[in-house]
Amino acid sequence: MCHRQVEYVKNPHLDSMEEDILYHLNLGTKTHDLPQMFGDVKFVCVGGSPNRMRSFAQFIHEELELPGNIADIRDICEGTDRYSMYKVGPVLSISHGMGVPSISIMLHELIKMLYHARCRDVIIFRIGTSGGIGLAAGTVVITDKAVDSCFRPQFEQVILGKVIIRSTELDEDVAQELLQYSSELPDIPTVIGNTMCTHDFYEGQGRLDGALCSFSTEEKFEYLRKANEAGVRNIEMESTVFAAMCRVCNLKAAVVCVTLLDRFEGDQISTPHDALLEYQQRPQRLVVHFIKKRLGLIS
C-alpha cells in the first residue's frame, strides 16, 4: 500500500496495513480499485445533507455538460447509511452530517481515499448554510479564518488524554479567487470574513429558543457583538475541524456558506421554503463557477 508520492495522510501506520477498510464510506483498498474509481478527482465538495449533495452532483453534471443522464448518478456509499457520495467527472460531492464529530469521521476516510487513489492537486470545499452576524439572509460568506467559540483560529482535540491544538488557517489564494469570481455573479451577495464553529446549535450559538438556556437576552447580544467585533460574520458547526484537518494533510480548502438569517434579528429560521432553497444554491453556484473557471470551461 506504499505510495508516498501523495502526502495527504500523516499516519505512518497506514503503510504497515495489508488492507484499509473505509468503513463509513463502504469502501476498501482490497474490495475496490480506488485509483481507477477516483484517481482523476480534482475537486471535492462536502455539505451536511445527503439530499443536498445529490442535487449538487446533478447540478455539476449539467453545468459541466457531461454525457449520460443525471438520473443515473448513483450513491457510491449506498451500502451504508452514514454518508452519501457522488462522483461527477473530476468532482466528488459528499455529505458529512451535522457537527464536528460527524464531519471529522468522514474527512479521515475521505483523505485516506484520496491518498489510496493517488489523487493530486485536490481542492476541497465545504458548502453549506449558517447563521449570519450582521448580514442579511442570503449573503454568502467565504471564510477567512475558522475560529472557535472564543474567537480563536484554532481547533482543540483531546487525543490520548492530552489537548492537541491545530491551526485552522485556510488557503488564502483559493478564498481570494472565490471572492473575485463572486463579482461575476451579481445576484449572489458575497463577503469574506471569519466563521465561528460551535459544538451546538442552541446554547453554543447563543440561542434563546432551545430546551435549555442559561443566559439572558442581554448576554446573548453582548456575545454576538463581541463576535462581530472579532470579524465573525457567520456561525456554523464544522469549519474548524475541516480547516485543521485539511491544513495538516496538505489539502487546499475553502468554506463557503450562505446565511439563512441575521442572528441579531432572531434565532429561528422563518424564511419561506422557496427562498431557503434558492439561498442554499448560492454557495453551490459560486463553487461551480470556480470549478468551471479552473477547468477552462468559461473565461
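Which residues is Thr139 in contact with, leaving aside its neighbours within four places in sequence? I began my notebook with this question, keeping in mind that the model is predicted.

**Entry 1: Thr139**

I found Thr139 in the loop between β6 and β7, the latter covering residues 140–147. Leaving aside neighbours within four places in sequence, I listed Pro189, Val191, Cys257, Val258 and Thr259 as the residues in contact with Thr139. I then looked up its accessibility, and because the relative value is 7%, below the 20% cut-off, Thr139 counts as buried. The side chain of Thr139 also reaches the backbone oxygen of Ala136, at 2.8 Å. Lastly I checked Thr139 against Asn234, which is 95 residues away along the chain, and noted that the C-alpha atoms of the two are separated by 9.8 Å.

**Entry 2: Ile127 and Gly128**

Next I turned to the UniProt record, an unreviewed entry, which places a "binding site" feature at Arg82, Arg126, Ile127, Gly128 and Thr129. I looked up two of these residues, Ile127 and Gly128.

Ile127 lies in strand β6, which spans residues 123–132, and Gly128 lies in strand β6 as well. Are these two buried or exposed? Ile127 has a relative accessible area of 3% and is therefore buried, while Gly128, at 6% relative accessibility, counts as buried too.

Not counting residues up to four places away in sequence, I wrote down that Ile127 touches Cys45, Val46, Gly47, Met53, Phe56, Val256, Pro283, Gln284 and Val287. With the same exclusion, Gly128 touches Arg52, Val256, Cys257, Val258 and Pro283. Comparing the two lists, I saw that Val256 and Pro283 appear in both. I also went back to my first entry, since Cys257 and Val258 are in contact with Thr139 and are touched by Gly128.

**Entry 3: Gln205 and Arg207**

The unreviewed UniProt entry also places a "binding site" feature at Gln205 and Arg207. I located Gln205 in the loop between β10, residues 190–197, and α5, residues 217–229, and Arg207 is found in the loop between β10 and α5 as well.

How accessible is Arg207, in terms of relative accessible area? The value is 2%, so I recorded Arg207 as buried; Gln205, at 3% relative accessibility, also counts as buried.

Leaving aside neighbours within four places in sequence, Gln205 is in contact with Thr198, Asp200, Ile235, Glu236, Met237 and Arg263. For Arg207, with those neighbours again left aside, I noted Phe201, Tyr202, Cys213, Phe215, Leu261, Arg263 and Asp267. Arg263 therefore stands in both lists, by the contact cut-off of 4.5 Å. For Phe201 I could add a distance, as its backbone oxygen lies 2.9 Å from a polar atom of the Arg207 side chain.

**Entry 4: helices α4 and α7**

My last look-up concerned two helices, α4 with residues 172–182 and α7 with residues 273–294, whose axes come within 10 Å and cross at roughly 105°. Since an angle of 65 to 115 degrees counts as roughly perpendicular, I described α4 and α7 in that way. On the α4 side the contact is made by Val174, Glu177, Leu178, Tyr181 and Ser182, and on the α7 side by Leu286, His289, Phe290, Lys293 and Arg294. Sorted by class, this contact has five nonpolar, two polar and three charged residues.

Conventions:
Residues are numbered from 1 along each chain as its sequence is written. This is a predicted model: local features need pLDDT of at least 70, side-chain atom pairs count only at pLDDT 80 or more; totals for chains, interfaces and linings use all residues. Side-chain values use heavy atoms; hydrogens and water are left out. UniProt positions are given in the numbering used here, feature names are shortened, and annotations may be inferred rather than shown by experiment. Helices (H or I, at least four residues) and strands (E, at least two) are DSSP runs, numbered from the N terminus. Buried means under 20% relative accessible area, exposed over 50%, partly exposed in between (1.4 Å probe, protein chains only). A polar contact is a pair of N or O atoms within 3.5 Å; within protein, one must be able to donate a hydrogen and the other to accept it, and residues adjacent in sequence count only if both atoms are side-chain atoms. Axes are lines fitted to C-alpha atoms, for helices over the stretch in contact, and angles run from 0 to 180 degrees between N-to-C directions. Angles under 35 degrees count as roughly parallel, over 145 as roughly antiparallel, 65 to 115 as roughly perpendicular and the rest as oblique. Ala, Val, Leu, Ile, Met, Phe, Trp, Tyr, Cys and Pro count as nonpolar, Asp, Glu, Lys and Arg as charged, and the others, Gly among them, as polar.
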